[in-house]
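Open the structure in your viewer and keep the selection box ready. Each stop below tells you what to pick next.

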Amino acid sequence: MESGTWAVVVAAVAAYLAWFWRMSRGLSGPRVWPVVGSLPGLLRHAEDMHEWIVANLRRTGGTYQTCIFAVPGLARRGGLVTVTCDPKNLEHVLKSRFDNYPKGPFWHGVFRDLLGDGIFNSDGDTWVAQRKTAALEFTTRTLRTAMSRWVSRSIHHRLLPILADAAAANVHVDLQDLLLRLTFDNICGLAFGNDPETLARGLPDNAFASSFDRATEATLNRFILPECVWRCKRWLGLGMETTLASSMAHVDRYLAAVIKARKLELADNHNDTTSATPHDDLLSRFMRKGTYSDDSLQHVALNFILAGRDTSSVALSWFFWLVSTHPAAERSIVRELCAVLAASRGADDPASWLASPLAFEELDRLVYLKAALSETLRLYPSVPEDSKHVVADDVLPDGTFVPAGSSITYSIYSAGRMKSVWGEDCLEFRPERWLSADGARFEPHDSYRFVAFNAGPRICLGKDLAYLQMRNIAGSVLLRHRLAVAPGHRVEQKMSLTLFMKHGLRMEVRPRDLAPILDDLHVVAAAAVAASTPAIAACA
């Protein structure tokens, strides 16, 4: 190589290193390397990503910036990621400057084949139109009634018999798998009125459920690869992209048949004034509300299935694990269940407590159970991290400058683990932090401190339905069974967009003896009567 060429190379390297030194000095996050940026750190912590982000945020006071690609022209735009869990920053991004922080083109591209332009994968006018329609439906009592019907049927005719069989045979169950099947059946029933029956005895395979799972896994695989790589593989039909295409073909055929049949049924119901009660699933409701193409209706169904299945089942998996390892909390939950049922169904006939599903009014009174579920979501949010695209240059409330074209990751997992927000005991499972001083009322925390259901204009429409479903499942199971982690089973996080347990949740199932709690309730009741007698006498 000629000396002139060497001089150019040396000058270019020197210029790059000088630029890299200046650029990296302005970043407060994990170590950044030339060219590859923070990718080495991401790869090194692939198995403990969420805890690594927590540690970085604690060290930097709640916000840091890092560079994925340390290349001039990219490092301060597409390659720059701002990571935060500061409640003021979250309110700014999710509410105050909502329009400046859409999901963005990267997110939309990754999920386009699976979710299309559905409500969870769209921005702007497309999102607004779907959000308005969905918001009207989620406030109706009929939808709540429909959810309760699907959930109660799945619990009492499928989940509880399977658990009873396991207890009788003294065998372990993978509770995470059972809960995924249960919530999948429920959300399919609520979304488009069809029950895939994946939680039937024997846990049968279901072609639609399997195709949906494979399509979801292949979609999430795109987050691991640079966009140019997975797009090339998609064009060539290679690897997981082939799986995605074939799985979506099956999903498309299944939903196309459902939509065609539903349109005919709705038309028949419209023409027949003596027909039975109209369909109350979300798909039918969208059909009655406006003119949607079959593709749009399919995306409506798939978006709600994706949002409604994994989130509740994952939350319940972590809940049952936490409760099984915190006996005092478990006693408080079961005691509350017994007290509520004694008041509504009578204290002298415990058999009646188990004979029928929990009613709306009974579920609403389970405030400690709701607190325990909320505490679970604080520590183990179903979606641990989420991201936004920056449309225009902006400054966050903590003074961090975010340039247009960069992205913001807000760490929901970290938001629940900051001492500055939740106190010195932030890592402890303590449901009481959600209750009033007398323990009688549930007291929610600010939605920008507790972001498990998102916040701002995109706050989860199904939040109340999710609590209803989770309380129903948790209460029904804990009233009848004691659960314990199977010996030798390791509970670990799976690194995914959803906080699954890596090895499932193998649990021992044993019958619940309610007699000690009933005795305690009788003692408390007798003491209350005795305490009130002198007061009555004094008044007389």
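The tour goes from the whole chain to a surface patch and then to some cysteines.

Keep in mind that this is a predicted model.

**Stop 1: the whole chain.** Show everything as a cartoon. The chain has 21 helices and nine strands. Its radius of gyration is 26 Å, close to the 24 Å that the globule rule gives for 540 residues, so the chain is as compact as a globular protein of that length. Along the principal axes, the C-alpha atoms fill a box of roughly 105 × 65 × 45 Å.

**Stop 2: inside and outside.** Switch to a surface view. About 24500 Å² of the chain is exposed, and carbon and sulfur atoms supply 58% of that area. Buried residues account for 50% of the 540 residues. Of the contacts between residues at least 6 apart in sequence, 72% join residues at least 24 apart.

**Stop 3: a nonpolar patch.** Select Trp 6, Val 9, Val 10, Val 13 and Leu 17. Together they make a nonpolar surface patch of about 450 Å². Now pick Trp 6 alone. Trp 6 lies in helix α1, which spans residues 3-25. Its relative accessibility is 48%, so Trp 6 counts as partly exposed.

**Stop 4: the cysteines.** How many disulfides does the structure hold? Zero. Select Cys 85: the nearest cysteine sulfur belongs to Cys 426 and is 10 Å away. Cys 85 is buried, at 3% relative accessible area. Next, select Cys 228. The nearest cysteine sulfur here is that of Cys 232, 8.1 Å away. Cys 228 counts as exposed, with 57% relative accessibility.

Key
Residues are numbered from 1 along each chain as its sequence is written. This is a predicted model: local features need pLDDT of at least 70, side-chain atom pairs count only at pLDDT 80 or more; totals for chains, interfaces and linings use all residues. Side-chain values use heavy atoms; hydrogens and water are left out. Patches are made of residues with over 30% relative accessible area and no salt bridge: like charges are joined within 9 Å, nonpolar side chains (Val, Leu, Ile, Met, Phe, Trp, Tyr) within 5 Å. Accessible areas come from the Shrake-Rupley method with a 1.4 Å probe; for residues, only the protein chains shown count as cover. A salt bridge is a side-chain nitrogen of Lys or Arg within 4 Å of a carboxyl oxygen of Asp or Glu. Helices (H or I, at least four residues) and strands (E, at least two) are DSSP runs, numbered from the N terminus. Buried means under 20% relative accessible area, exposed over 50%, partly exposed in between (1.4 Å probe, protein chains only). The radius of gyration is taken over C-alpha atoms; the globule rule is 2.2 Å times the number of residues to the power 0.38. Contact means heavy atoms within 4.5 Å. A disulfide is a pair of cysteine sulfur atoms within 2.5 Å.
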